[in-house]
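Welcome to this short briefing. Have a look at the sequence and the model first, and then we can walk through a few spots together.

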Amino acid sequence: MGSAHHTTSSILIVGGGIAGLATAYHLGRAGARDVHLVEGHAELAGAASARSAAILRTVIEEPTTAALARRSKPHFLSPPEGFGTLLPRRGLVLMANWKEAAEELARLCTSPDYQLEPLDPARLKALAPHIATQPLVAFYSPDDGVIDVAELVRGFAAGARAGGVHIETGARVVGLRKAGGRVVGVQLEDGSERRAERVVLAAGAWAARLAREAGSGIELQPTRRHLLVTEPEPGLDPDWPVVWNGGDTFYSRPEGGGLMLSVCDEVHADPDLVEPLPELARAIAEGAARHLVGVGTGPAARFWVGLRTLTADDRFAVGDDPDVPGLSFAAGLGGHGMSTSFETGRLAAAHLLGKGAAEDLLPALDPARLVRRKRDPSRG
Ligand SMILES: Cc1cc2nc3c(=O)[nH]c(=O)nc-3n(C[C@H](O)[C@H](O)[C@H](O)COP(=O)(O)OP(=O)(O)OC[C@H]3O[C@@H](n4cnc5c(N)ncnc54)[C@H](O)[C@@H]3O)c2cc1C
């Protein structure tokens, strides 16, 4: 075994989720040569990227992530060539029913970046008659909404291929190859290798684990979150907006004739051992009973869990590993990978092509800040 692959790529991306595909798309568009993407599963974007709530939310507390989402938004509203409709449903209500959360939400929504329309109770009732919560504040964002994730994935993958990127599925990486202290490629499960001048980990919840084996100290925290979609029911309007309660955290949006619901659970998880937990289905049902009126309390049509990979400061990891030459990241996209995908991919590509110096957001995304250093025993 261990047969070497003949070609050497300039850039090898590990992971065909939204992070890897958006990076590949932008590398292809920028004319990068010899770019290769390997995805472990038979299908692209089958992990976190297939399990999201698909909400475009640009009102985000963390400022760098918020800027990534705001700069991605025009592409959702007016898709680039090669993409179909990306935002088939529009309208997002943000509310808070706790004092601190309400103050924070009002500060954010009325800031110059958003200037959102506050909703009085009558207007809220008209927009979302199924919401039982009496919020302290509520705002309406008419052009956030629901993303067609399948179309987003298709568009990135087709655009990447059109730009010359070679995408290989069913190619699971089991380790990074090093020579002279530098990462020079990857080893696949079947024993073959893919050589590259630079390896980019866009492997979501598995990125830090792969990096660690090559000597990286970058810390990323996979956390689980559950979503439940109720059975279709009469009286439910598919045009109701996404409703996000940032106090007693709960969100809902129409989906498939029912409602998609979440209580925003966030618990650290081993990415290889994640199964839906029945107690979360019960917690979501309790949330629905508190937050909704007349709908959303019927049986579940679908219930699943996905992984949101967080960082210590809620900013993504885009850039080089400070300790392992040849290794870069496009990872740690937390709960905003869809909303931010266009700009995250563009920045990752700019960095990889040596054009990152002009990008104002890249310093805040530098993975070096996420290294957990071993304690120096000589310090006593
Ligand atoms: C429940 C839930 C709700 C969410 N809701 C939203 C939302 O409403 N809006 C939003 O913007 N974002 C949302 N997100 C976040 C969004 O889904 C993620 O940020 C995004 O999908 C992360 O993309 P990724 O490419 O980094 O990871 P992934 O999609 O997990 O992709 C990583 C890929 O790497 C591959 N891989 C891993 N290890 C290897 C290996 N060794 N070899 C080869 N390939 C490998 C995996 O198979 C996978 O395809 C949500 C997430 C969850 C879980």
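Let's begin with a serine: a polar atom of the S262 side chain is 3.3 Å from the backbone oxygen of H226. A polar atom of the S262 side chain also lies 3.0 Å from the backbone nitrogen of C264. Please keep in mind that this is a predicted model, and that the values below are computed from it.

**The serine and its surroundings**

- S262 belongs to strand β14, which covers residues 258-262.
- With a relative accessible area of 0%, S262 is buried.
- C264, the partner that offers its backbone nitrogen to this contact, is buried as well, at 14% relative accessibility.

**Cysteines**

- How many disulfides does the structure hold? The number is zero.
- Why is C109 not bonded to C264? The closest cysteine sulfur to that of C109 is the one in C264, and at 16 Å it is too far for a bond, because a disulfide needs the two sulfur atoms within 2.5 Å.
- Seen from the other side, C264 is in no disulfide, and its nearest cysteine sulfur is that of C109, 16 Å away.
- C109 has a relative accessible area of 0%, so it counts as buried.

**The ligand and its closest contacts**

- The ligand is surrounded by 37 residues, and the closest are E39, S49, V173, G334 and S339.
- E39 uses its side chain: one of its N or O atoms there is 2.6 Å from an oxygen atom of the ligand.
- V173 uses its backbone, where an N or O atom lies 2.8 Å from a nitrogen atom of the ligand.
- S339 also brings a backbone N or O atom, 2.8 Å from an oxygen atom of the ligand.
- How much of the ligand does the protein bury? Taken alone, the ligand exposes 990 Å², and the protein buries 95% of that.

**What the shell around the ligand is made of**

- Three elements give two or more residues to the shell: α1 (18-29), β11 (221-230) and β16 (300-310).
- Strand β16 supplies the largest share, with three residues.
- Sorted by class, the shell has 18 nonpolar, 14 polar and five charged residues.
- Two domains take part, each giving at least three residues: domain 1 (4-49 + 150-218 + 314-371) and domain 2 (89-146 + 222-310).

**Two aspartates with positive phi**

- As background, most residues other than glycine have a negative phi.
- D34 has a positive phi, near 60°, although it is a residue other than glycine.
- You will find D34 in the loop between α1 and β2 (35-38).
- D314 is not a glycine either, and its phi is positive at about 65°.
- D314 sits in the loop between β16 and β17 (317-320).
- Is D314 buried or exposed? At 48% relative accessibility, D314 counts as partly exposed.

**An isoleucine in the first part of the chain list**

- I13 is part of strand β1, residues 4-14.
- I13 is buried, with a relative accessible area of 0%.
- How far apart are I13 and C109? They are separated by 96 residues in sequence and by 37 Å in space, C-alpha to C-alpha.

Technical notes. Residues are numbered from 1 along each chain as its sequence is written. This is a predicted model: local features need pLDDT of at least 70, side-chain atom pairs count only at pLDDT 80 or more; totals for chains, interfaces and linings use all residues. Side-chain values use heavy atoms; hydrogens and water are left out. Buried means under 20% relative accessible area, exposed over 50%, partly exposed in between (1.4 Å probe, protein chains only). A residue is near a molecule or strand if one of its heavy atoms lies within 4 Å of it. A polar contact is a pair of N or O atoms within 3.5 Å; within protein, one must be able to donate a hydrogen and the other to accept it, and residues adjacent in sequence count only if both atoms are side-chain atoms. Accessible areas come from the Shrake-Rupley method with a 1.4 Å probe; for residues, only the protein chains shown count as cover. Helices (H or I, at least four residues) and strands (E, at least two) are DSSP runs, numbered from the N terminus. Ala, Val, Leu, Ile, Met, Phe, Trp, Tyr, Cys and Pro count as nonpolar, Asp, Glu, Lys and Arg as charged, and the others, Gly among them, as polar. Domain bounds come from an automatic or database domain assignment.
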